[in-house]
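Hi,

Here is the structure I said I would pass along. Have a look at it first, and then read on for my notes.

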There are 2 protein chains.
Amino acid sequence: MPHQRLIKRLLTAGRLSESEQKALVGLPYAVRNLADGDIAVHQGERPSACTVLMSGFLSRQRVISERNQISAFYVPGDIPDLHCLHVPTIDHDLCSTGPSTIATVSHVVLRQVLRDFPGLTYALWGETVIQAAIYREWVENLGARAALPRVAHLLCELSTRMQKVGLAENGKMNLPFTQADFADACGLSVVHVNRTIQELRRRGLIDWQSQTLELLQRAELEFIGDFNEEYLH
Amino acid sequence: MPHQRLIKRLLTAGRLSESEQKALVGLPYAVRNLADGDIAVHQGERPSACTVLMSGFLSRQRVISERNQISAFYVPGDIPDLHCLHVPTIDHDLCSTGPSTIATVSHVVLRQVLRDFPGLTYALWGETVIQAAIYREWVENLGARAALPRVAHLLCELSTRMQKVGLAENGKMNLPFTQADFADACGLSVVHVNRTIQELRRRGLIDWQSQTLELLQRAELEFIGDFNEEYLH
DNA sequence: CGTTCGATTGACAATGATCAACCCTTGTGG
DNA sequence: CCACAAGGGTTGATCATTGTCAATCGAACG
């Protein structure tokens, strides 16, 4: 299997044996490059391979009530359609935000390796557990928080996830998302997201321009967004 | 392991072998009865056993921004803290709504059985996959839908899940939830949930009194709530 | 019979949506 | 090299969905 970042995470999380590690690393895969806006996997497809995000970002999206709702962002190392091992069809688009690179790993081959190395099954299950925890946080974010803490929380989450895969240092990272993307993810209008971000800037909490986001006051942002990174471990 | 309904679901979903089935059925467990409002598992606990809901309902809740946000409802056969096999602490309360019965299955014993029968690991992973799909729908529900379709969607989801475990027929079921519970789950105020439910009643779509809910016009409700049960399979 | 909880109603407030411009940067074709 | 188009960001004005507050009602229960 491809990505360094994924593998490193699985190794720590799942405490894999030597042979399991080798089996994982040795999995064959194909690489595909995507441009901004390209759809990696289409809603309704029945994929025969899993997608590992190697670089860039994907977002899981679907039109709900004439609104494009984003239900997840994926950072390098994530496997956005891992659940398709269990459920045949994927009911969302996986859309590249900015250019990205993905690797595809055949279900058939992957299933065989999982049969041979049960520790890997357990480790990948753990990945699903983390994704579920993220969804849970989003439910709470959308259900209970006002605009400002909601956006703050999402910023903290993205920063932490990027940091974990070595793509952010000191809260500074490259983010190709537009304010419209954030609106779709936060269930807010673009206009209101714009005003919210301005408020965060005005308070000196973030610097976000030309696709570079920097969290200037992490602690304060976490306080406002009621963010606790525990759930991402 | 205890519950008929869970086991039946796992059998169909996971295509378990004879020996795996036996191992599953043979798992030792302890039963506990809960009254309305009792907390089965407390936020911050580090459970040493998994909880299988045998009868009644649990809701996963946590206080966010001085609001009690419910992020999941559980029906009989569900294992609300299954993820604790992977993550040590649970960061929500699991609260009984109405009286309920739960079975607890020791992590140690369960882990051993999972090591011995990898097919079971895969099947339980599948349970996590379904729970994640439900969270995803909640994200979309909270992020994109107005009050009426939001409540309609939740009603459809509950009805379908109840039907799957044989606790609803023709969309009629026993539901101990209050309007306040629905408010906490839908991210709406109690007052507005009340008005929304009245609107559903006025349109002749539901009958809901003295803890009995009946979906009178399933198709119309699904249309309003933009509900498609695929994700629950 | 009083208390409590859940449901209901009305009046009013506010967060965030919508609509409509406008600006600025970037990219592209002539 | 310039003109123009397009996309993203920004702003102001207005609208409306939903929240808040407060009171009432009815049923269940001890």
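Below is what I found, starting with the DNA and then moving to the two domains of one chain.

Before anything else, keep in mind that this is a predicted model.

**Around DNA strand C**

DNA strand C is surrounded by 15 residues. The closest of them are all on chain B: Gln179, Asn194, Arg195, Gln198 and Arg201 of that chain. And which part of the strand faces the protein? Of the strand C atoms within 4 Å of the protein, 62% are sugar or phosphate atoms, and bases supply the rest.

A few phosphate contacts are worth opening in your viewer:

- B:Arg201 puts a polar side-chain atom 2.9 Å from a phosphate oxygen of DNA strand C.
- A:Ala147 uses its backbone instead, with an N or O atom 3.0 Å from a phosphate oxygen of the strand.
- A:Gly187 also has a polar backbone atom by a phosphate oxygen of strand C, at 3.5 Å.

As for secondary structure, the elements that give two or more residues to the surface near DNA strand C are helix H7 (190–202) of chain A and helix H7 (190–202) of chain B. H7(B) gives the most, with 5 residues. By class, that surface has 7 polar, 5 nonpolar and 3 charged residues.

**Between the domains of chain A**

The domain assignment splits chain A into domain 1 (4–124) and domain 2 (145–232). Their C-alpha centres are 24 Å apart, and the contact takes 14 residues from domain 1 and 17 residues from domain 2.

How much area is buried between domain 1 and domain 2 of chain A? It comes to about 1400 Å², with carbon and sulfur atoms giving 67% of that. On the domain 1 side, A:Arg5, A:Phe57 and A:Phe73 supply 44% of the area that this domain buries against domain 2, more than any other three residues.

There is polar business here too. The count is 6 residue pairs in polar contact between the two domains of chain A, and the rule finds 1 salt bridge across their interface. A:Arg161 forms a salt bridge with A:Asp78, where the closest N and O atoms are 2.8 Å apart.

On the side of domain 1 that touches domain 2, helix H1 (4–14), strand S4 (67–74) and strand S5 (93–106) of chain A each give two or more residues. S4(A) gives the most, with 6 residues. The residues of that side divide into 6 nonpolar, 4 polar and 4 charged.

Cheers

Methods: Residues are numbered from 1 along each chain as its sequence is written. Chains are lettered from A and ligands numbered from 1 in the order in which they are written. This is a predicted model: local features need pLDDT of at least 70, side-chain atom pairs count only at pLDDT 80 or more; totals for chains, interfaces and linings use all residues. Side-chain values use heavy atoms; hydrogens and water are left out. A residue is near a molecule or strand if one of its heavy atoms lies within 4 Å of it. A polar contact is a pair of N or O atoms within 3.5 Å; within protein, one must be able to donate a hydrogen and the other to accept it, and residues adjacent in sequence count only if both atoms are side-chain atoms. Helices (H or I, at least four residues) and strands (E, at least two) are DSSP runs, numbered from the N terminus. Ala, Val, Leu, Ile, Met, Phe, Trp, Tyr, Cys and Pro count as nonpolar, Asp, Glu, Lys and Arg as charged, and the others, Gly among them, as polar. Domain bounds come from an automatic or database domain assignment. Contact means heavy atoms within 4.5 Å. Buried area is the accessible area (1.4 Å probe) that two parts lose on being put together, summed over both. A salt bridge is a side-chain nitrogen of Lys or Arg within 4 Å of a carboxyl oxygen of Asp or Glu.
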